[in-house]
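This report covers ring contacts, a metal site, pockets and backbone angles. The sequence and the structure come first.

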Amino acid sequence: MSEEARLRDDICRWGSILYQRQLAHGSAGNLSMRLRDGTFLVTPTNSCLGFLKPEQISKVSAAGELLDGDPPSKESFFHLAMYEKRPKAGAIVHLHSTYAVAVSCLCHASPENVLPPLTAYHVMRVGKLPLVDYYRPGDKALAAAVGLRAQDHRSMLLANHGPIVSAESLDQAVFAYEELEETAKLFFILGERKTRPLNAAAIAEIDAAFPS
Ligand SMILES: [Zn+2]
């Protein structure tokens, strides 16, 4: 099986799992992967992640031109902006999952990092999570805003919208996304209680042991 055929299958398989786990609903959310030749596979516009077919997956150039498959997601332009600034990124997961979107709708005192480092796995897989200003769906200015933060951040949260998470492979990006959603859930469960996030020394130790 060719690299492209394998990656098309991976996108369909993970899309179905994310839908079954109720991290994706309706036609919201999109997945993408970078091929070795510098082109990209993206989930199609108005598609449900639970019912994707490999031949439907859109193949686009780095400039976003459709090369094969159905027309790509209207959000694919911010995936491409993130890949451009993160040359090691091989996959991106963007969903509208409930707890992460709830965090994106709060007022935040520090938009540089909007979830506390509650667990080591959050620090390892997600890292600092900056909030990107709100833009209307399809506004291309969002690509510039994402690009601005992508060099220093593998994950970010779009205000009143949802997270974008990148990693070297699609399974790693899914695991990081799920970790982010679980931390968001913990954040609301803990609520107003006095919490004890990991301190700077503990975070530095994790960053040294597991560089991103
Ligand atoms: Zn979205």
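## Aromatic pairs

The model is predicted. It contains six aromatic pairs. In one of them, Tyr 19 and Phe 51 meet edge-to-face, with 5.5 Å from centre to centre and 65° between the planes. Tyr 19 belongs to helix H1 (residues 3-20), while Phe 51 is in the loop between strand E2 (40-42) and strand E3 (58-60), so the contact ties together parts 32 residues apart in sequence. Tyr 19 has 31% relative accessibility and counts as partly exposed. Phe 51, at 59% relative accessibility, counts as exposed.

The pair of Phe 40 and Tyr 83 is tilted, because the ring centres are 4.7 Å apart and the planes are at 40°. Here strand E2, which holds Phe 40, is tied to helix H2 (residues 76-85), which holds Tyr 83; these parts are 43 residues apart in sequence. Both Phe 40 and Tyr 83 are buried. Elsewhere, ring pairs join Tyr 99, Phe 187 and Phe 188 in a cluster.

## A charge over a ring

Phe 77 has a contact with a charged side chain: the charged end of Lys 140 sits over the Phe 77 ring, 4.9 Å from the ring centre.

## Zinc site

The zinc ion has protein donors from Glu 75, His 94, His 96 and His 161. Glu 75 is listed twice, each time through OE, and each of the three histidines donates through NE2. The donors lie 2.0 to 2.5 Å from the ion. Along the chain, their spacing reads E-x18-H-x1-H-x64-H.

His 94 and His 161 link distant parts of the chain, 67 residues apart. His 94 is in strand E5 (residues 91-94), whereas His 161 is in the loop between strand E7 (155-158) and strand E8 (162-167). Both of these histidines are buried.

## Pockets

The largest pocket holds about 520 Å³ of space. Its lining consists of 17 residues, and those nearest the pocket centre are Arg 154, Ala 167, Glu 168, Pro 211 and Ser 212. Helix H4 (120-125), strand E8 and helix H6 (170-190) each give two or more residues to this lining. By class, the lining of the largest pocket has seven nonpolar, four polar and six charged residues.

The second largest pocket holds about 290 Å³. It is also lined by 17 residues, with Val 126, Gly 127, Lys 128, Arg 154 and Asp 207 nearest its centre. The elements giving two or more residues to the lining of the second largest pocket are H4 and helix H7 (200-209). That lining divides into six nonpolar, six polar and five charged residues. Arg 154 is named among the residues nearest the centre for the largest pocket and for the second largest pocket.

## Positive phi angles

Most residues other than glycine have a negative phi. Gln 22 has a positive phi, near 65°, and is not a glycine. Gln 22 is in the loop between H1 and strand E1 (30-34). With a relative accessible area of 67%, Gln 22 is exposed.

Asn 46 also has a positive phi, about 55°, without being a glycine. Its position is in the loop between E2 and E3, which is also the loop that holds Phe 51. Asn 46 is exposed, with a relative accessible area of 62%.

Note on methods
Residues numbered from 1 in each chain as written. Predicted model: local features only at pLDDT ≥ 70, side-chain atom pairs only at ≥ 80, totals over all residues. Heavy atoms only, no water. Phe/Tyr/Trp six-rings, centres within 6.5 Å; stacked < 30°, edge-to-face > 60°. Helix = DSSP H or I, 4+ residues; strand = E, 2+ residues; numbered from the N terminus. Buried < 20%, exposed > 50% of the residue type's maximum accessible area, 1.4 Å probe, protein only. Lys NZ or Arg CZ within 6 Å of the ring centre and 35° of its normal. Donors = N, O, S within 2.8 Å, 3.2 Å for Na, K, Ca; no water. 1 Å grid on protein atoms, 1.4 Å probe; cavity = no way out; pocket = protein on both sides within 12 Å on 5 of 7 lines; lining within 4 Å. Points joined across faces, edges and corners; volume = space filled by probe spheres on them. Nonpolar A, V, L, I, M, F, W, Y, C, P; charged D, E, K, R; others polar.
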